[in-house]
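User: Please examine the structure shown below. I should like to work through its helices, strands and core by question and answer.

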Amino acid sequence: MTGRPSGAVERGFPHLEVVRDALAALYRRLSVDSVEQFAVSVPPVDVALDPDEELYGGVQRVARALVRHFRLPDARVIVAFREMDLAAEVELSAGPEYFVDLNRRFKEHRRDIGAALAHEITHVYLHRLELEFPGVAENEILTDTVSTYLGAGWLLLDAFREDSLTSQKLGYLTPEEFGYVLAKRAEAFGEDPSVWFSSPQAYEAYVRGRTRAEEDGRRPPLAGAGWVARRRYGHDRRLARSRMRPGQSAFDGEGYRFEWASGVRVSFRCPRCQQRLRVPLRGEVRVRCAGCAQVWSVDT
């Protein structure tokens, strides 16, 4: 896992499509019932080290709490500190023991040990699920996304801090992307993560991510789309109907795509699980997502 103790921090939403692909992959791999087992996030008290707590015992306690959160009863995590460029890394094997190395600087900066372990133990969880993306960077984005959506990655966003001289961030998502995924989680489970942030910069990034997440529910062909977006959608729909024929490539719009399948259909991401929904152009209909079981009102 990367960690930037100083220097400029990448901002905004440069990895958002990969994040959405990661959410879709998670829902494809797990049933809705399995995802809902993570409705309660790991609480701060379980993953914070007390200042006077013995270091190695405290680290093992936090690691066990995260193992329990991810329902990995057979996984024993052995943590060591060493000099390294990364913030942390894990050795993945068949188990039952997993070895996590933490950067030696965490000995003096205990505050973020839980965040580093959350990312690495999510690697273990995904390894057990046999869920991965092909590229190294994409796989790390998958790990951050799953950790956050399943209730441990709020620690990674809270590790984001800036002052006039330095900045620090853990993980591969930008702070705003962490906020986006947290907002998706909050919407799904009715949980407010903002009460846990000790970093004001983390809270600000969460608010920006939440704003972006809310926009997903206001994009055509969803019935809640705004007037300007609906006008653009109507224009694109007319073009698709006049130009598309069997065998022709899809016609892309702003967050939606027109495709041919026994007539023109519109495809768009489910606002919750980000899987593609494909609907014939029939006006106002209600669509049930097979991935997360949510029902959406759409106006095609």
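Analyst: Two strands are taken to pair if DSSP finds at least two bridges between them. The model discussed here is predicted.

User: How many bridges join β3 to strand β4, and how do the two strands run?

Analyst: Strand β3 covers residues 88–91, and β4 covers residues 97–103. Val-90 of β3 stands opposite Val-100 in β4. The two strands run antiparallel, and the bridges that join them number four.

User: Which residues form the uncovered face of β3?

Analyst: In a regular strand the side chains alternate between the two faces of the sheet. In β3, Ala-88 and Val-90 make up the covered face. The uncovered face is formed by Glu-89 and Glu-91.

User: Which helix gives the largest share of the largest nonpolar core?

Analyst: The largest nonpolar core has 88 residues, of which Leu-102, Leu-117 and Tyr-125 touch the most other members. Leaving aside neighbours within four places in sequence, Leu-117 is in contact with residues including Val-59, Leu-66, Val-100 and Leu-102. The largest share of this core, 10 residues, comes from helix α5 (residues 113–129).

User: Within what arc do the buried residues of α9 fall, seen down its axis?

Analyst: The buried residues of α9 are Gln-201, Ala-202, Ala-205, Tyr-206, Gly-209 and Ala-213. Seen down the axis of α9, they line one face of the helix, because they fall within an arc of 135°.

User: What do the buried residues of α9 pack against?

Analyst: Helix α9 comprises residues 200–215. Its buried residues pack against β5 (161–162) and two helices, α7 (154–158) and α8 (175–189).

Notes
Residues are numbered from 1 along each chain as its sequence is written. This is a predicted model: local features need pLDDT of at least 70, side-chain atom pairs count only at pLDDT 80 or more; totals for chains, interfaces and linings use all residues. Side-chain values use heavy atoms; hydrogens and water are left out. The expected span of a helix is 1.5 Å times one less than its number of residues. Buried means under 20% relative accessible area, exposed over 50%, partly exposed in between (1.4 Å probe, protein chains only). The arc is that of the directions from the helix axis to the C-beta atoms. Contact means heavy atoms within 4.5 Å. A nonpolar core is a set of buried Ala, Val, Leu, Ile, Met, Phe, Trp, Tyr and Cys residues joined through side-chain atoms within 4.5 Å.
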